[in-house]
There are 2 protein chains.
Amino acid sequence: MQISELARRAGVPVATVKYYLREGLLPQGELTGATRARYREEHLERLRLIRALLGPGGLSVARARAVLAAVDTPGTSVHAALGAAHRALPGVGAEEAADLEQARAVLRRRGWRVAADSPALLALAGALEALRAAGAAPTDELLDRYAEAAARIGEQDVAEVPTGSVAEAVRFVVVNTVLLEPVLLALRRLAQEDASRRRFPTDC
Amino acid sequence: MQISELARRAGVPVATVKYYLREGLLPQGELTGATRARYREEHLERLRLIRALLGPGGLSVARARAVLAAVDTPGTSVHAALGAAHRALPGVGAEEAADLEQARAVLRRRGWRVAADSPALLALAGALEALRAAGAAPTDELLDRYAEAAARIGEQDVAEVPTGSVAEAVRFVVVNTVLLEPVLLALRRLAQEDASRRRFPTDC
DNA sequence: CAAGACTAGAGAGTGGCGCTATCCAATGTC
DNA sequence: GACATTGGATAGCGCCACTCTCTAGTCTTG
């Protein structure tokens with residue numbers, strides 16, 4: 001298939017596909033001449049994955065490239081791929097997070113063990129700091145309930161990882177880590193809406 | 001306090017404070033002359049809230065303005081404020097979501113009732129569509145587990161809403177809806193990391 | 001074989017966004 | 001009276017995700 005068909009089937013302008021090729025998100029097609037290249041079904045899948053990461057996944061092109069690099073690296077272990085995906089994701093980044101204490105305390109109470117430099121830990125500390133700055137510091141009790149819910153989900157996510165090929169597992173981990181986030185957030189808001197309707201019924 | 005003190009205490013450049021004033025995120029100070037205005041402690045709080053929404057909250061200036069408008073509107077009911085906050089948040093937006101069916105099915109199984117045009121419902125449908133497009137369609141079982149975890153959290157969120165003044169409740173709802181999202185995502189990633197370490201122990 | 005449609009590749013341009021810099025006249029402070 | 005600061009307005013900047021344009025080459029159709 002040529003670039004125009006690839007673009008049409010993915011619902012993306014040709015110019016944008018070229019841009020992804022240039023940016024290294026989409027691997028080159030097989031050159032069949034100086035001005036022709038052939039693309040396969042896997043290119044189409046990859047293109048759809050890119051669009052999912054950039055759109056609903058909320059990743060920037062640079063972060064998507066890092067995530068896809070983790071998918072592509074052949075020797076990656078599943079645990080390492082998860083780490084790579086986490087590192088590539090947004091969320092406070094490597095900024096300073098003054099006190100990690102409340103964040104660490106949650107982990108201790110749950111018995112979780114994570115890397116000392118885990119980006120998620122920094123992200124949590126940063127998010128807590130933002131809440132405090134906004135004058136809405138969360139209680140430990142609230143955090144523990146959130147952590148318990150998160151534990152169920154995280155357990156589920158990891159249990160579902162396919163054990164067949166490593167490459168498949170890595171792809172699964174990366175895709176699910178990124179693309180289930182909007183699902184979770186949407187479900188939380190729906191649950192809030194339902195609970196709010198039940199608690200404040202006067203104003204529908 | 002003058003603008004320079006306000007800016008200094010919030011850790012924000014004066015030019016940026018002026019920008020927020022222009023954009024209507026921060027209310028004008030009380031003019032004490034043609035080139036002087038006085039700002040109060042509530043301006044400082046508001047400024048910190050703005051920074052929390054724009055930074056860790058991940059909102060654009062336009063969305064933050066809409067969220068803050070909900071906080072400011074005096075007659076807003078709590079349920080309506082929640083809706084306003086949800087509508088102002090990112091997440092697929094008003095784009096077409098081809099089939100809402102799988103999303104609606106989750107709600108049915110849980111007995112949730114939400115507005116037919118709930119933005120969160122569209123967001124969920126869009127997120128599911130993205131997963132399908134990426135070749136990682138989630139099973140109903142997985143969705144139900146996510147929904148159950150979300151139910152606990154949403155219930156908790158709503159139960160904590162202060163019943164004192166409506167304005168306070170609205171502010172609480174908006175802030176928590178937005179700023180607890182990064183907390184939840186970070187906790188999920190930490191749970192994944194812990195579960196992944198336990199399941200794939202070979203490669204630490 | 002000629003005309004026209006398409007292609008790879010590369011560079012420049014675009015529009016939106018969140019600031020940031022500059023300027024002005026007026027008002028403070030020392 | 002010298003100098004800094006302010007409110008207000010306008011313009012500019014840097015980044016990002018495209019999008020346009022151009023060139024030289026290639027395929028297809030008649």
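I began at DNA strand D and found that H2(A) gives the most to the surface near it, with five residues. I took "near" as a heavy atom of the residue within 4 Å of the strand. Helices here are DSSP runs of H or I with at least four residues, strands are E runs of at least two, and both are numbered from the N terminus.

A note on the source: this is a predicted model, in which local features need pLDDT of at least 70 and side-chain atom pairs count only at pLDDT 80 or more, while totals for chains, interfaces and linings use all residues. Residues are numbered from 1 along each chain as its sequence is written, chains are lettered from A and ligands numbered from 1 in the order in which they are written, and side-chain values use heavy atoms, with hydrogens and water left out.

**Entry: the DNA side**

I listed the elements that supply at least two residues each to the surface near DNA strand D: helix H2 (14-23) and helix H3 (41-54) of chain A, and helix H1 (3-10), helix H2 (14-23) and strand S2 (36-38) of chain B. Of the 24 residues around the strand, Thr35(A), Ile3(B), Ser4(B), Arg22(B) and Arg36(B) come nearest.

I then looked up polar contacts (N or O atoms within 3.5 Å; within protein, one must be able to donate a hydrogen and the other to accept it, and residues adjacent in sequence count only if both atoms are side-chain atoms). A polar side-chain atom of Ser4(B) is 2.4 Å from a phosphate oxygen of DNA strand D. For Val61(A) a backbone N or O atom lies 3.3 Å from a phosphate oxygen of the strand. The side chain of Tyr39(B) has an N or O atom 3.5 Å from a phosphate oxygen there.

I also checked which part of the strand faces the protein: 64% of its atoms within 4 Å of the protein belong to sugar or phosphate, the rest to bases.

**Entry: chain A against chain B**

I counted 80 residues of chain A in contact (heavy atoms within 4.5 Å) with 80 residues of chain B. The two chains bury about 7600 Å² between them, 66% of it on carbon and sulfur atoms; this is the accessible area (1.4 Å probe) lost on being put together, summed over both.

I found six salt bridges across this interface, each a side-chain nitrogen of Lys or Arg within 4 Å of a carboxyl oxygen of Asp or Glu. One of them joins Asp157(B) and Arg188(A) at 3.1 Å, N to O.
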